[in-house]
Amino acid sequence: MSIELDGTGTVYILWNDGKQAVGGHTQKTVAFWLKTDSLILNRDVFWMYDAGDSEVQDVYLHSQKIGWVAYASGVNGTWETSSNQVTNTASWFFVAITHDLSSVSNDPIVYINGSPVAVTETSTPTGAFGVVAGAKAQLGSNFADLSIDGNVADLRVYNRILSAAEILD
């Protein structure tokens, strides 16, 4: 079963008690299937984990690239796939992102269809990453200008780094 996000910011799922979904763990894997209905140039958020008024991590699609933001006490870290990965609207893509948030020197690993892909750090994090127990988790965005138009299926959030073999399975 997939969840259709309409790109308007009116369709999203919110877990008010995010610790049930993601906890306050320093290791994280976010995995899901994605099929877009349109490939637009905006930064379209489709998963976020936030602590009140500020996000902790989010996953987004921007110009056919998958992005990951890890919010830090200084400068937030942002990474995008180095090449276009979501290249059409007719196919499902399996995306997995692993990140060890115990140090801002750790970069995430992004997998597309089970294979790791190159990422580019577009903003270097400083300070410490935000890891908050009891924050909210959200599938889709409630902001019209940041909302993806497409389907997300089988979203999974793990409190550990999955191995490459586990992701491929």
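Here a trainee asks a mentor about a predicted model and the reasons behind its labels.

Trainee: What does the secondary structure come to?

Mentor: The protein has one helix and 13 strands. From the N terminus on, the order is β-β-β-β-β-β-β-β-β-β-β-β-β-α. The protein has 169 residues, and 41% of them count as buried.

Trainee: What share of the contacts joins residues 24 or more positions apart?

Mentor: Take the contacts with a separation of 6 or more. Residues 24 or more positions apart account for 69% of these.

Trainee: Why is glycine 150 called buried?

Mentor: Buried means under 20% relative accessible area. Glycine 150 has 1% relative accessibility, so it counts as buried. Glycine 150 sits in strand 13, residues 149–158. Its C-alpha atom is 5.6 Å from that of lysine 35, and the two residues are 115 apart along the chain.

Trainee: What makes strand 8 largely enclosed?

Mentor: Count its residues. Seven of the eight are buried, so the rest of the structure largely encloses strand 8.

Trainee: How do you know that strand 8 pairs with strand 3?

Mentor: Pairing takes at least two bridges. Strand 3 and strand 8 have eight, in the antiparallel sense. One example is threonine 29, whose bridge partner in strand 8 is threonine 98.

Trainee: How many bridges join strand 8 and strand 9?

Mentor: Four, again antiparallel. Alanine 96 has tyrosine 111 of strand 9 as its bridge partner.

Trainee: What can you say about the cover of strand 6?

Mentor: Strand 6 spans residues 65–70, and five of its six residues are buried. That makes the strand mostly covered.

Trainee: How do you know that strand 6 and strand 7 pair?

Mentor: The rule asks for at least two bridges. These strands have four, in the antiparallel sense. Valine 69 stands opposite threonine 78 in strand 7. Strands 6 and 7 form a hairpin, with six residues between them.

Trainee: Which residues have the most contacts inside the largest nonpolar core?

Mentor: Phe32, Val59, Ile66, Trp68 and Ile97. The core has 19 residues. The elements that give two or more residues to it are strand 3, strand 5, strand 6, strand 8 and strand 9. There is a second, separate core of six residues, which includes Ala31, Phe94, Ala96 and Leu162.

Trainee: Why might such side chains gather?

Mentor: In soluble globular proteins, nonpolar side chains tend to be buried together.

Trainee: What does isoleucine 97 touch?

Mentor: Leave out residues up to four places away in sequence. Among the residues isoleucine 97 then touches are Val30, Val59, Ile66, Trp68 and Val110.

Trainee: Why is the pair of arginine 156 and aspartate 154 called a salt bridge?

Mentor: The cut-off is 4 Å between a side-chain nitrogen of Lys or Arg and a carboxyl oxygen of Asp or Glu. Here the closest N and O atoms are 3.0 Å apart. The pair therefore meets the definition.

Trainee: How many salt bridges are there by this rule?

Mentor: Two. The other joins glutamate 166 and arginine 160, with the closest N and O atoms 2.9 Å apart.

Trainee: Why are the residues of these bridges called partly exposed?

Mentor: Partly exposed lies between the 20% and 50% limits. Arginine 156 is at 41%. Aspartate 154 is at 39%. Glutamate 166 is at 34%. Arginine 160 is at 35%. Each value falls between the limits, so each residue earns the label.

Trainee: What sets the phi of aspartate 154 apart?

Mentor: Its phi is positive, about 50°, although aspartate 154 is not a glycine. Aspartate 154 lies in strand 13. Asparagine 113 also has a positive phi, near 50°. Asparagine 113 is in the loop between strand 9 and strand 10. With a relative accessible area of 43%, asparagine 113 is partly exposed.

Trainee: Which residues lie nearest the centre of the largest pocket?

Mentor: Ala31, Phe94, Glu166, Ile167 and Asp169. The lining has 15 residues. Strand 3, strand 8, strand 13 and helix 1 each supply at least two of them. The pocket holds about 210 Å³ of space.

Note on methods
Residues numbered from 1 in each chain as written. Predicted model: local features only at pLDDT ≥ 70, side-chain atom pairs only at ≥ 80, totals over all residues. Heavy atoms only, no water. Buried < 20%, exposed > 50% of the residue type's maximum accessible area, 1.4 Å probe, protein only. Core = buried A, V, L, I, M, F, W, Y, C linked by side-chain atoms within 4.5 Å. Contact = heavy atoms within 4.5 Å. 1 Å grid on protein atoms, 1.4 Å probe; cavity = no way out; pocket = protein on both sides within 12 Å on 5 of 7 lines; lining within 4 Å. Points joined across faces, edges and corners; volume = space filled by probe spheres on them.
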